[in-house]
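Dear colleague,

I am handing over the structure below, together with some notes on what turned up when I went through it. Please read the notes with the coordinates open beside you.

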Amino acid sequence: MLTPRQLFLRHQAQTSDFPLLLEIERAEGVWMYSPDGGRILDLISGIGVSNVGHRHPRVLQAIQQQLDKYLHLMVYGELVQAPPAELAHALHQTLPPALDNVYFVNSGTEAVEGALKLAKRHTGRTELISCHNAYHGSTQGALSVNGSEGFKRSYRPLLPDVRHIRYNHLPDLELITTRTAAVIVETVQGEAGVRVPLHDYLGHLRRRCTQVGALLILDEIQCGFGRTGTFWAFEQFGIEPDILLTAKGMGGGMPIGAFISRQEIMQGFKTNPILGHCTTFGGHPVSCAASLATLRTILDDNLLAGVPGKAARFRQQLVHPAIRAVRGQGLMMAVEFESFAVLKPIIDHALAHEGILTDWFLFCDNSLRLAPPLTIADDEIDYACAALLRAIDAVARQ
Ligand code: PMP
C-alpha cells in the first residue's frame, strides 16, 4: 500500500521539482496539523484564501445547511437558487451602488477571463493593458495579461493586442488610449511582492481610463475580502472600478470567484450571442453559502477593525539586521531580505524547526510572504515573530 506522499508524487501532476511535500491531516483556525501530530502555524492562508481561518464554524454551518438542501442543480444563470442570489445582494451592499451585478465563476483566473471578454464586448475594442509583474492567473487569457514574460514564453501565441505598463509609473498612463478596451490592475500587487499604489496612482489611472473610454478592471482576487483592512482594497484609494474581480478569500475555503460590474455593462452577455459567458459550476450553492457566511463573519466579527493593529504588531517585532524592509497593506505583507539565497533557508528552517509556514512571491523571490488569517490572535503573532527571528538567527549562524 503506497502512502499518500508516494501517491501524490506518482499520480498527481507536479508543477515544480520542489513541492513543499508537507502532509496535512486537518486544520483549524490558524493551525494545520500533520498526521504525526505536528502543528504548523499558517502564515499564508493558502495564499490569501483562509481570511477567516481554517474551518470557521460559521462557514462550516452554512455548508452543512446547504448540503441538506441541494448540491448542483443546473448550469449558471437559469434556476433561482437562494445562495447565489443572496450572496450577490450581500456583495452589492459592500460596494458602491453602481456595481450592482455579479457573475459567479469558479476561480480567480476565470473571473479574469470573464472580465476581459466583457470589456471587449462592451467597448468593441481589443487592446488590453496590464502591469509589469502583474499576476492574473494561468489560463490563456489571464496568462496573456500576466506581467512576466518568463511564465508566458513557452505558451505563445497568447492573446494579441496586449500591452504592459509599469505599476505606479504615471508617464506610462499615456499608453492607455481610445484603442484600449480595458486596463486590468491589482489594487495592491501581490506576486510582485506586495506593491502598494503610490502618489494617487489609482486616481490618475481611473481618470485616464474614463477620459479615453477604457474600462478599469481591479483585480482584488488576492487583496480583497478584508485582507488589507477594508473589505475591498480600492476603498482606501478613493476610486471605483468598472469591473471588480474577487476569488480566493471569498469562499472561506471553498472554490468560488466573481466578476462584478454594472448591469448596463453585464447585459452584453445576453445578446449577440446569447450565453456570452457560460459556466456549469459558477455560483455553486455550497460555495455561495460558504462565501456568504465568510462575508458576514468578516463584517459581524469586525475583523477589518483588527487588521491595522495586527499588521503593526508584526512590523514592530520583525526588526532584524537581515530584514531590509517590510512592505504591505494591512495583513498582506512582504518581508524583504537581501536575496533568494538568504531568504530560502529561512523559509525552510522556519517550517522544519519552528512549524511556521511562509512562502516567497512568484515575481519577487527576495521577500517572505505574510498573509495570515485575519483572525490570528495577538499571542499567535508574537509566537510567529519570535519563531521567524529565531529562524533568521539560526540560518545566519550556519
Ligand atoms: N489574480 C491574482 C491577483 C491572484 O493572486 C491570483 C492567484 N494567485 C489570480 C488572479 C488567479 O486566481 P486562481 O488561482 O484562483 O485562478
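The strands named in this message, like the helices, are DSSP runs numbered from the N terminus, with at least two residues for a strand and at least four for a helix. In that numbering, Gln 329 belongs to strand S11, which covers residues 325–329. Please keep in mind throughout that this is a predicted model, and that what follows was computed from it.

To stay with that residue for a moment, Gln 329 has a relative accessible area of 16% and is therefore classed as buried, the cut-off for that class being under 20%. The side chain of Gln 329 makes a polar contact of 2.6 Å with the side chain of Gln 236. When neighbours within four places in sequence are set aside, the residues in contact with Gln 329 are Val 188, Val 194, Val 196, Arg 227, Thr 228, Gln 236 and Phe 237.

The ligand will probably interest you, so here is its environment. Its surroundings consist of Ser 107, Gly 108, Thr 109, Tyr 135, His 136, Gly 137, Glu 186, Asp 219, Ile 221, Gln 222 and Lys 248, and sorted by class this shell holds two nonpolar, six polar and three charged residues. Two backbone approaches can be listed: a polar backbone atom of Gly 108 is 2.8 Å from an oxygen atom of the ligand, and a polar backbone atom of Tyr 135 is 3.3 Å from a nitrogen atom of the ligand. From a side chain, a polar atom of Asp 219 lies 2.7 Å from a nitrogen atom of the ligand. Taken on its own, the ligand has 390 Å² of accessible area, of which the protein covers 83%.

Turning to the strands, S5 (residues 127–131) is largely enclosed by the rest of the structure, because five of its five residues are buried. In a regular strand the side chains alternate between the two faces of the sheet. In S5 both faces are covered, with Glu 127, Ile 129 and Cys 131 buried on one side and Leu 128 and Ser 130 buried on the other. Strand S5 runs parallel to strand S7 (residues 180–186), to which four bridges join it, and here Leu 128 stands opposite Ala 182, while Ser 130 stands opposite Ile 184. Four bridges also join S5 to strand S6 (residues 162–165), again in parallel, with Ser 130 opposite His 164.

Strand S7 is itself mostly covered, seven of its seven residues being buried. Five bridges pair S7 in the parallel sense with strand S8 (residues 215–219), where Leu 216 is opposite Val 183.

In the loop between helix H5 (108–123) and S5 sits Gly 124, which counts as exposed at 65% relative accessibility. The C-alpha atom of Gly 124 is separated by 9.6 Å from that of Thr 180, although the two residues are 56 residues apart along the chain.

Finally, there is an open sheet of four strands, in the order S1-S2-S3-S13 and with mixed pairing. Strands S1 (26–28) and S13 (356–357) stand at its edges and have a single partner strand each, so one side of each is left without a neighbour in the sheet. Strand S1 pairs with S2 (residues 31–33) in the antiparallel sense over three bridges, and Trp 31 in S2 is the bridge partner of Glu 28.

With best wishes

Terms used. Residues numbered from 1 in each chain as written. Predicted model: local features only at pLDDT ≥ 70, side-chain atom pairs only at ≥ 80, totals over all residues. Heavy atoms only, no water. Near = heavy atom within 4 Å. Polar contact = N/O pair within 3.5 Å; in protein donor to acceptor, adjacent residues only side chain to side chain. Areas by Shrake-Rupley, 256 points an atom, 1.4 Å probe, with all protein chains shown as cover. Nonpolar A, V, L, I, M, F, W, Y, C, P; charged D, E, K, R; others polar. Buried < 20%, exposed > 50% of the residue type's maximum accessible area, 1.4 Å probe, protein only. Pairing = 2+ DSSP bridges. Contact = heavy atoms within 4.5 Å.
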